[in-house]
Amino acid sequence: MYTPYRSKHFTTYVDPESKVRIAVLSTHIAPIQQGFYFINSCISDDGRYLWFYCAYPPAAGHCVAVLDFLTDEIHYFPETRGGGWLVDHRTGNLYWGCSQGIYMRTPHPEDSPILIARLPEKCRKAGTSGAGTHLTFTSDHKELLADIQTPFGSMIGTFEIESGKFTEWYQTSPGIPYNHAQMNPVDKDMCMCAHEYTYDPKAGDYVPPALVDGIYPRLQIITRDGKRRMLKPCGNYATHEWWASNGKSIYYCNGSYEENGETISIVARDTLDGSDPSIICRVKVPGGNGTWHAHCTADEKYFVIDGSYPDGELSWWRGCASLVHFYNTETGKLFKFLTRNPVVEGWTPEYPSTYHIDPHPRFVLGDTMVCFTTTVYGRVDVAFVSVDQLIEATR
């Protein structure tokens, strides 16, 4: 079977500073090709099926395609336009949501998509257009968790894959969106959501949420019985959270942590046991944001972290120059292996990218590789790097 370093569809790029060898998907069936958002792996555990986002400017949104590493062929599926894409790592099948409901399709082009579940009736009547920021499985793989955004609030709940039945766990008040819902990897009765913003009717726009009892309310833990609790994040701010693989901790980023009178970026952890959160690593990118998104290996020893370079007075904008770090907790070494994703021609702070092209690095294939999005060739591409190179560089 082929791999990113052996497939005819990839080109090996050597970073001029780090000297790390990066495999870039150079066959293009779409002008923009991206790795998945970092919450979900885009590749099956056996390494056969790689799914990736496709976009066709100026059309909005994405659909996906798959590379079958056994045959080394790419198949494009325009019917997958929607959101929340999730790969079943056991089979390589894809799940996604749209205004009709939740669908599944296999990686095989001769197969047709299958409707798994329809959106709840009251959501359809309200004109809901999707079924979640990103779908995730319950630990028994029998249900899919979704955050459904409606005019009457956010509905958090699960769809039974076999029957399509929806079970509501929690609903917010109108104008209080909870998104980025993620199932606990081991507890099928617990999830987390992000209170990312609040709708301000006076401004006619979404704004950062107000403090609740003095706490920045980003991190919300919800259980199947409808109970909710809020975590106070390190530095009282958090973005881009994810579960540890054992379900015992939540990790997140804070790009504006104050320490000794200096603003730095951190990756932090909350162990959910009531103790204070702890700082895992500190990343300094002067003028930029050192920790946009991050992810860790199953043993929580290694981390990948993307960030932004500044552009004038701006610390970031969608499409700005970015970078990706690897952090080794055993040695305490931070290694910038992708030294620069350059700005793609045509995007500026005034006219930024609408395709969310941040690197979004994630460990895949049993933590042997990292998948991310890169612009090193002047376009938006999917890329991989082998973890052994990164460990060796941080010994």
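What percentage of the 395 residues of the protein chain count as buried? The share is 56%. Buried here means under 20% relative accessible area. The model is predicted.

## Overall build

The protein chain holds two helices and 31 strands. Its radius of gyration is 20 Å, close to the 21 Å from the globule rule for 395 residues, so the chain is as compact as a globular protein of that length. The C-alpha trace spans about 60 × 55 × 40 Å along its principal axes.

Contacts can also be sorted by sequence separation. Take those between residues at least 6 apart in sequence: 47% of them join residues at least 24 apart.

## Surface and charge

The exposed area of the protein chain is about 16,400 Å². Carbon and sulfur atoms supply 49% of that area.

The chain carries 34 positive and 45 negative charges. The mean positions of the two sets lie 2 Å apart.

## Around strand β9

Strand β9 covers residues 101–105. It is mostly covered, with five of its five residues buried. β9 pairs with strand β8 and also with strand β10.

On one side is β8, residues 94–98. The β8–β9 pairing is antiparallel and runs over five bridges. These two strands form a hairpin, with two residues between them. C98 stands opposite G101 of β9.

The other partner is β10, residues 114–118. β9 and β10 pair in the antiparallel sense over four bridges. Here G101 stands opposite R118 in β10. G101 therefore has C98 opposite in one pairing and R118 opposite in the other.

Terms used:
Residues are numbered from 1 along each chain as its sequence is written. This is a predicted model: local features need pLDDT of at least 70, side-chain atom pairs count only at pLDDT 80 or more; totals for chains, interfaces and linings use all residues. Side-chain values use heavy atoms; hydrogens and water are left out. The radius of gyration is taken over C-alpha atoms; the globule rule is 2.2 Å times the number of residues to the power 0.38. Buried means under 20% relative accessible area, exposed over 50%, partly exposed in between (1.4 Å probe, protein chains only). Contact means heavy atoms within 4.5 Å. Accessible areas come from the Shrake-Rupley method with a 1.4 Å probe; for residues, only the protein chains shown count as cover. Lys and Arg count as positive and Asp and Glu as negative; His and the chain ends are not counted. The place of a charge is taken as NZ of Lys, CZ of Arg, CG of Asp or CD of Glu.
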